[in-house]
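Grab a pencil and work through these short exercises on helices. Try each task before you read its solution.

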Amino acid sequence: MKIAIITETFLPSTDGVVTRLKESIKYLRSQDHEVVVIAPDFGVTEYEGAVVEGVKTTRMPFYRYREFSLPQRRVKDLLKKHDPDLVHVVNPALVGVSGVYYADKLNYPLIASYHTHVPKYLDYYRLYPFKPLVWWYFRKLHNYADVNLCTSRAIKTELDEKNFHNVSVWDRGVAVDHYHPRHKNEEMRDRLSAGRKENKLLVFVGRLAPEKEIHKIMPLLEQREDISLAIVGDGPVKDELEETFKGTNTVFTGLMHGEELAQAFASSDALIFPSVTETLGLVILESMASGLPVIAAKSGPTMEQVEDGKTGLLFENENTHSMIQAIERLEDEELYQTLCKNARQEAEKYSWQKPSEQILEYYYKTLKVFDEQAATTSKKSKVKVTE
């Protein structure tokens, strides 16, 4: 097959969507499929033999931290140029709208995947009155697709309730060989704890944005001098968070990648995950693969990954006392060692092999659904699906 992937984010950006796409592309290329990625133009033209076509970007007035690609006709030109057998639109919202629209107009089989819980984000930007409209918008976009994907059972249930059509779960994965307890490093621990290596060291990894709810960790640090926090990442509220956590045992590292990030995970004592807006939370599995228990606010997608008392500790959202109680449980050394061991064993079940194989299966399913619809319409699939 020749597959066109249209995505709102790609290299050199680093987030869960990009990580998943990178692993999928590597697998598809290993199976001799052609891949074309249409993404915001940040100078990348190739990845693992896949062609990367950049499209014009712009900076939004309400979100100056990064640039986005808006809907544009160039997407149509690129689809006609490459003439794929199937179009996969990842997180359709802006440029992905063009992917959905032109895939439909040019009669290509279409699969769409839902990765970012934008309607939930509106609660954190004082835009909650617009939630019904935003749900309508995303439902309309996704229901153009022959097949829809999401990344957790909890989100599938929500999308089903919102009348998204033909939704399946695209399983989670993690680089189990890259994230590993062997990367534990005293020099890194010294850096993350600002020299207070004897403290209990919690690490947060992710985009520094309102919906990540990082501020909820602050009361913990105010009450416990023996806890240090390392915040790994960058984002639009970094300056605000630095001011909020000023005077506490907190280190802001900025972005980390590769070996450095693997060391940051393995050199900490636990991952703290306060967000309840994730559709999955890839850093949870990365932490577990590194042998770290996860201390997380309860949410559907998080509770699919973290079992309280076995691979991590859960606390009630917006409940400081519950969070502090979870941290106190880490002081039970026997429990802590059990959590570390179980976390690594659980993560080992989720290499990227299965979800990478799975996306190819979903591509063939998309072609099959497209063919079935063609039996009652004038549409005709370009690729014959053999059973």
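**Exercise 1.** Check whether the span of helix α1 fits its number of residues.

Solution. Step one: α1 covers residues 16–30, which makes 15 residues. (Helices are DSSP runs of H or I, at least four residues, and strands are runs of E, at least two, numbered from the N terminus.) Step two: the expected span is 1.5 Å times one less than the number of residues, and for α1 that comes to 21 Å. Step three: from first C-alpha to last, α1 reaches 21 Å, close to that value.

A word on the source: this is a predicted model, where local features need pLDDT (the predictor's confidence in each residue, from 0 to 100) of at least 70, side-chain atom pairs count only at pLDDT 80 or more, and totals for chains, interfaces and linings use all residues. Residues are numbered from 1 along each chain as its sequence is written, and side-chain values use heavy atoms, leaving out hydrogens and water.

**Exercise 2.** Find what sits at the two ends of α1.

Solution. Start at the N-terminal end: D15 caps it, with a side-chain oxygen 3.1 Å from the backbone nitrogen of V17. Then go past the helix: D32 follows α1, and its phi is positive, near 70°.

**Exercise 3.** Which residues of α14 are buried, and what do they pack against?

Solution. First, list the buried ones (under 20% relative accessible area, 1.4 Å probe, protein chains only): they include L335, Y336, L339 and A343. Next, look around them: the buried residues of α14 pack against α11, β16 and α13. Last, check the cap: a side-chain oxygen of D332 lies 3.2 Å from the backbone nitrogen of E334.

Technical notes. Buried < 20%, exposed > 50% of the residue type's maximum accessible area, 1.4 Å probe, protein only. Contact = heavy atoms within 4.5 Å. Polar contact = N/O pair within 3.5 Å; in protein donor to acceptor, adjacent residues only side chain to side chain.
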